[in-house]
Amino acid sequence: MNIGSAWLLNTVNGEGGQTRLDTRLSPLGTMAPTGSLTSRPGVIPGSPNGRDTITGLAVEAGGSGMSTRVAPGRAIVQGTAAAGAYPVYVPEYTSITFTDGDAGNPRIDLVVLRVYDDQQDASGNTAAVIEVVPGVPAGLPKAPAAPPASLTLAEVFVKAGASAGTGGIDWKKAVVDRRQATVAAGGIIPADRGLGFDGAYPGQYRDSGTGLQRWDGKQWQDLQPTWQDYTPEWGAESDIQPANGLLTGRFLKVGAQVQFYASLKIGPMSSWGGFAGFTSDWYVTLPVPPRVALPGNFRARTGQGSGAYYFGGCYIYRTSPSDKQFAGLPAGTGVARWWSCNDSDGKPSSKRVGGAYPATPSSNSWYEIWGTYEAAA
């Protein structure tokens with residue numbers, strides 16, 4: 001059985017001692033895991049004044065000609081699962097130089113912290129280096145793929161014809177920071193370069209920038225939820241589909257409970273369908289689909305005067321494959337439908353709100369829908 005260990009064997013006991021591979025694969029200062037033998041690569045966060053998430057290994061946007069510097073810092077570079085993770089530190093500023101630009105097209109180069117390990121990659125080299133990976137010149141250039149066992153630090157735009165003699169790289173706007181943070185197992189990962197990554201295990205935490213989130217095995221859940229914006233879609237279950245209304249929405253999700261608010265304002269370019277004696281039966285989409293159908297609230301103002309206000313309700317609903325009236329909406333979409341209110345004289349009505357009821361819309365007419373419901377699993 002081939003089991004590796006750290007701090008167990010030494011070079012004088014006749015068994016070979018601790019190898020570099022033993023050290024990398026043994027859980028010493030374990031970083032945030034991404035698998036059974038892999039760790040989240042990234043730069044160790046921190047700044048001298050505590051104001052910045054990461055200052056280490058920053059590619060300076062104040063270079064000269066075709067050269068710039070990379071700041072000191074510490075990082076974890078993940079190799080293959082079989083090779084393990086490499087702890088790396090850069091103790092001082094490191095200068096890097098880019099090759100001259102193509103004569104006809106710009107390119108995007110990567111700056112990476114890369115580990116060469118001859119025992120693992122047969123490269124003939126064993127070292128940690130900061131390296132420039134040149135991109136391919138093109139009219140609309142793309143950054144190249146990062147090489148194995150490397151950590152991307154930045155993308156640098158190299159304009160066509162760039163050279164030391166022509167002024168070099170436009171450093172004020174050429175550098176795009178691509179560093180990401182990593183922390184020890186159980187640590188809270190900062191939201192330093194976006195939130196587009198899944199958790200590795202239920203119970204992992206991250207900082208969203210406004211509060212803490214916990215990975216539940218499927219998605220990140222806010223521990224201290226905040227209201228978020230969403231843009232509802234406006235539609236009709238019958239007649240002509242409406243268009244060009246000003247739509248806004250907000251929602252708060254706490255576990256499975258969702259509170260939402262959506263508004264629709266009619267403008268000069270809006271169209272709504274409907275004609276006298278017929279309603280187009282409007283709806284707006286919800287931020288997340290509901291588990292079960294529930295009642296909601298409705299309010300509107302159409303026209304002028306005190307009689308132009310209408311109050312009523314709506315129906316919080318999740319569409320099904322048999323619902324043919326929701327044109328273009330996938331089955332399982334949450335909608336607030338069947339808006340209802342009293343007639344202008346205050347008497348109850350069975351009609352549904354749309355392009356002809358409770359009154360023909362005009363510019364600046366507005367409609368509001370809100371409620372609370374249980375989100376679908």
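Visitor: In what order do the 9 strands of the open sheet stand, and what is the sense of their pairing?

Guide: In this predicted model, the order is β13-β15-β16-β21-β18-β19-β20-β17-β14, and the pairing is antiparallel. Neighbouring strands of this sheet are turned by 25 degrees against each other on average, with direction ignored.

Visitor: What makes β13 and β14 edge strands?

Guide: β13, residues 228-230, and β14, residues 234-236, each have a single partner strand, so one side of each lacks a neighbour in the sheet. For β13, the antiparallel partner is β15, residues 246-254, and 3 bridges join the two. Two strands count as paired with at least two bridges between them, so the 3 bridges of β13 and β15 satisfy the criterion. Within this pairing, Asp229 has Arg250 of β15 as its bridge partner.

Visitor: Which strands make up the open sheet of 3 strands, and why are β1 and β4 placed at its edges?

Guide: The order is β1-β3-β4, again with antiparallel pairing. β1 and β4, the latter spanning 85-90, each have a single partner strand, so one side of each is left without a neighbour in the sheet.

Visitor: How do you know that β1 and β3 pair?

Guide: There are 2 bridges between β1 and β3, residues 73-78, and the strands run antiparallel. The criterion asks for at least two bridges, so this pair meets it. Val43 stands opposite Ala75 of β3.

Visitor: Why is Ser47 called buried?

Guide: Its relative accessibility is 17%, and buried means under 20%, so Ser47 falls in that class. Ser47 belongs to the loop between β1 (42-43) and β2 (67-70). Leaving aside neighbours within four places in sequence, Ser47 is in contact with Asp52 and Thr55.

Visitor: What makes the approach of Ser47 to the backbone oxygen of Asp52 a polar contact?

Guide: A polar atom of the Ser47 side chain lies 3.1 Å from that oxygen. The limit for such a pair is 3.5 Å, so the distance of 3.1 Å lies within it.

Visitor: Why is strand β8 described as largely enclosed?

Guide: Of the 9 residues of β8, residues 150-158, 7 are buried, so the strand is largely enclosed by the rest of the structure. Strand β6, residues 107-117, is joined to β8 by 8 bridges in the antiparallel sense, and Leu110 has Glu155 of β8 as its bridge partner. Strand β9, residues 175-177, also pairs with β8 in the antiparallel sense, over 3 bridges. There, Val156 stands opposite Val175 of β9.

Visitor: How do you know that Ser150 is buried, and what does it touch?

Guide: The relative accessibility of Ser150 is 16%, and the cut-off for buried is under 20%, so Ser150 qualifies. Ser150 is found in β8. Not counting residues up to four places away in sequence, Ser150 touches Val77, Val112, Leu113 and Arg114. A polar atom of its side chain lies 2.6 Å from the backbone oxygen of Pro147.

Visitor: Why is the pair of Trp282 and Trp339 called edge-to-face?

Guide: The model has 16 aromatic pairs by the ring-pair rule. The ring centres of Trp282 and Trp339 are 6.1 Å apart, within the limit of 6.5 Å, and the planes stand at 80 degrees, over the required 60, so the pair is edge-to-face. Trp282 in β17 and Trp339 in β20 are 57 residues apart, and the pair links distant parts of the chain. Both residues count as buried because Trp282 has a relative accessibility of 0% and Trp339 has a relative accessible area of 0%.

Visitor: What makes Tyr309 and Trp366 an edge-to-face pair, and are these residues buried or partly exposed?

Guide: The centres are 6.2 Å apart and the planes are at 65 degrees, so this pair is also edge-to-face. Tyr309 lies in β19 and Trp366 in β21, 57 residues apart. Tyr309, at 37%, counts as partly exposed, and Trp366, at 21%, is likewise partly exposed; the bounds are 20% and 50%.

Visitor: What places Arg337 over the face of Tyr317?

Guide: Arg337 lies over that face at 4.4 Å from the ring centre, and the distance limit is 6 Å. Arg40 lies over the face of Phe197, at 4.5 Å from the ring centre.

Definitions and conventions: Residues numbered from 1 in each chain as written. Predicted model: local features only at pLDDT ≥ 70, side-chain atom pairs only at ≥ 80, totals over all residues. Heavy atoms only, no water. Helix = DSSP H or I, 4+ residues; strand = E, 2+ residues; numbered from the N terminus. Axes fitted to C-alpha atoms, helices over the stretch in contact; angles between N-to-C directions. Buried < 20%, exposed > 50% of the residue type's maximum accessible area, 1.4 Å probe, protein only. Polar contact = N/O pair within 3.5 Å; in protein donor to acceptor, adjacent residues only side chain to side chain. Contact = heavy atoms within 4.5 Å. Phe/Tyr/Trp six-rings, centres within 6.5 Å; stacked < 30°, edge-to-face > 60°. Lys NZ or Arg CZ within 6 Å of the ring centre and 35° of its normal.
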